[in-house]
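Visitor: Hi, I've got a few minutes and a fresh structure to look at. Can you walk me through it?

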Amino acid sequence: MMIWKTRCVAVIGHPVFHSLSPRMHQSAFNRLKLDYLYLAFDISPRNLKKGVEALKQLGFRGFNVTVPHKETIIPLLDQISSEVKAIGAVNTVLIEDGKLKGFNTDGAGLTESMRRGWGFSVRNRQVMILGAGGAAKAASAQFALEGAKKIGIANRTRSKGIALKKRLKKYFPNVEAAVFGLDSPDLKNFLRQADLLINTTSVGLHPGDPSLLPTDYFHKDLKVCDLIYNPSMTPFLKAAHRRGCLTLNGRGMLLYQGALAFQIWTGRRAPVEVMARAISLR
Ligand code: ATR
């Protein structure tokens with residue numbers, strides 16, 4: 001039963017119907033018997049300001065932010081955390097004392113998923129990121145924050161790769177970063193020395209998509225991650241698997257970014273097993 005003290009949270013995006021966050025969070029609230037309700041709102045870009053104001057006025061505890069609002073929401077917030085400054089995007093908002101406070105748990109969710117899945121930390125490691133969009137921004141800033149030794153960025157549009165490197169150097173002047181084209185021979189050389197390779201592009205999402213890199217680019221000690229979780233095994237991960245690499249898809253990132261958001265809103269440790277079951281994809 002919903003009564004006056006029920007706390008509401010939501011995800012806002014456009015579109016938002018596909019989001020797994022409502023079932024993931026609601027299962028966690030229910031398990032801990034927290035009187036919270038998680039909703040989903042489709043808010044178009046031109047209505048973002050009004051939508052956010054409405055959530056505040058209705059007394060929401062906070063909300064998740066997804067595409068296409070992760071960057072455009074920043075000017076509407078009262079405070080942003082240090083990782084938001086470095087990443088330039090928000091995925092979680094806490095409304096506290098009438099103030100909108102922005103966080104980004106995507107990057108930390110990703111590295112937590114690698115710690116839990118592989119016992120792997122990026123500290124002092126050489127890592128390669130494919131892509132230079134929003135997900136690559138979150139991943140690269142988190143890797144820099146956690147002390148990666150060298151970060152490679154390979155993107156189809158080289159200028160975007162260069163812009164991401166510049167952004168990274170601005171916030172993390174000491175990090176060593178390099179940019180490659182997807183077909184550059186230097187990319188293969190960089191990968192020989194790399195510990196981690198991660199695909200942040202959308203290639204692999206659609207049936208018939210190829211692997212972004214040929215099988216001989218993977219060496220057996222490389223850890224390989226694809227942020228795509230549906231399908232659970234992309235052609236990219238299949239190629240890595242054929243070479244004997246340890247692989248992870250994006251489900252762990254989805255789970256742990258959610259677990260961190262849950263903690264921000266409730267102050268409680270998230271029941272990750274319950275949340276994982278709620279988003280298990282067959
Ligand atoms: P997200 O927020 O999920 O990272 P995005 O910001 O739209 O999404 O970024 C998509 C990424 O996938 C970009 O790096 C894009 O490369 P470009 O900068 O060259 O557009 C990459 N991408 C999308 N389709 C691709 C394709 N067919 N081949 C290679 N890269 C592709």
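Visitor: Let's jump right in. Which residues does H25 touch, leaving out those up to four places away in sequence?

Guide: H25 touches Y38, N64, G258, A261, F262, W265 and M275, with residues up to four places away in sequence not counted. Keep in mind that this is a predicted model.

Visitor: And where does H25 sit, and is it buried or exposed?

Guide: H25 belongs to helix 1. Its relative accessibility is 0%, so H25 counts as buried, the cut-off being under 20%.

Visitor: You mentioned M275. Which core is M275 part of?

Guide: Let me start with the other core, then come back to that. The largest nonpolar core has 31 residues, and L110, M114, V122, F143, I151, L168 and L196 are those with the most contacts inside it. At least two residues of this core come from each of helix 3 (82-87), helix 4 (106-118), strand 7 (126-130), helix 5 (134-145), strand 8 (150-154), helix 6 (158-171) and strand 10 (196-199). Helix 5 gives the largest share, six residues. As for M275, there is a second, separate core of 23 residues, and M275 is in it, along with Y256, A276 and I279 among others.

Visitor: Back to F143 for a sec. What does F143 touch?

Guide: Leaving out residues up to four places away in sequence, F143 touches L110, T111, M114, V122, V127, I129, A148, I151, L196 and I198.

Visitor: OK, zooming out. How many helices and strands are there in the protein chain?

Guide: The protein chain has ten helices and twelve strands. Its radius of gyration is 19 Å, close to the 19 Å that the globule rule gives for 282 residues, so the chain is as compact as a globular protein of that length. Along the principal axes, the C-alpha atoms fill a box of roughly 60 × 40 × 35 Å.

Visitor: What share of the residues counts as buried?

Guide: Of the 282 residues, 52% count as buried. The chain exposes about 13,700 Å², and carbon and sulfur atoms supply 52% of that area.

Visitor: How about charges? How far apart are the mean positions of the positive and negative ones?

Guide: They are 1 Å apart, for 41 positive and 20 negative charges.

Visitor: New topic: backbone oddities. Which peptide bonds are cis?

Guide: One joins H14 and P15, with omega about 5°. P15 is in the loop between strand 1 and helix 1. Another runs from N230 to P231, with omega near 10°, and P231 lies in the loop between strand 11 (223-226) and helix 8 (235-242).

Visitor: Why point those out?

Guide: Because most peptide bonds are trans. Likewise, most residues other than glycine have a negative phi.

Visitor: So which residues have a positive phi without being glycine?

Guide: K33 is one of them, with phi near 55°, and N124 is another, at about 65°. K33 is in the loop between helix 1 and strand 2 (36-42), while N124 is in the loop between helix 4 and strand 7.

Visitor: Is K33 buried or exposed?

Guide: Exposed: K33 has a relative accessible area of 74%.

Visitor: Last one. Where is F17, and how far is F17 from F41 in space?

Guide: F17 lies in the loop between strand 1 (7-13) and helix 1 (21-31). Its C-alpha is 8.5 Å from that of F41, and the two residues are 24 apart in sequence. F17 is exposed too, with a relative accessible area of 73%.

Terms used: Residues numbered from 1 in each chain as written. Predicted model: local features only at pLDDT ≥ 70, side-chain atom pairs only at ≥ 80, totals over all residues. Heavy atoms only, no water. Core = buried A, V, L, I, M, F, W, Y, C linked by side-chain atoms within 4.5 Å. Buried < 20%, exposed > 50% of the residue type's maximum accessible area, 1.4 Å probe, protein only. Helix = DSSP H or I, 4+ residues; strand = E, 2+ residues; numbered from the N terminus. Contact = heavy atoms within 4.5 Å. Rg over C-alpha atoms; globule rule 2.2 N^0.38 Å. Areas by Shrake-Rupley, 256 points an atom, 1.4 Å probe, with all protein chains shown as cover. Lys, Arg positive; Asp, Glu negative; His and termini not counted. Charge placed at Lys NZ, Arg CZ, Asp CG, Glu CD.
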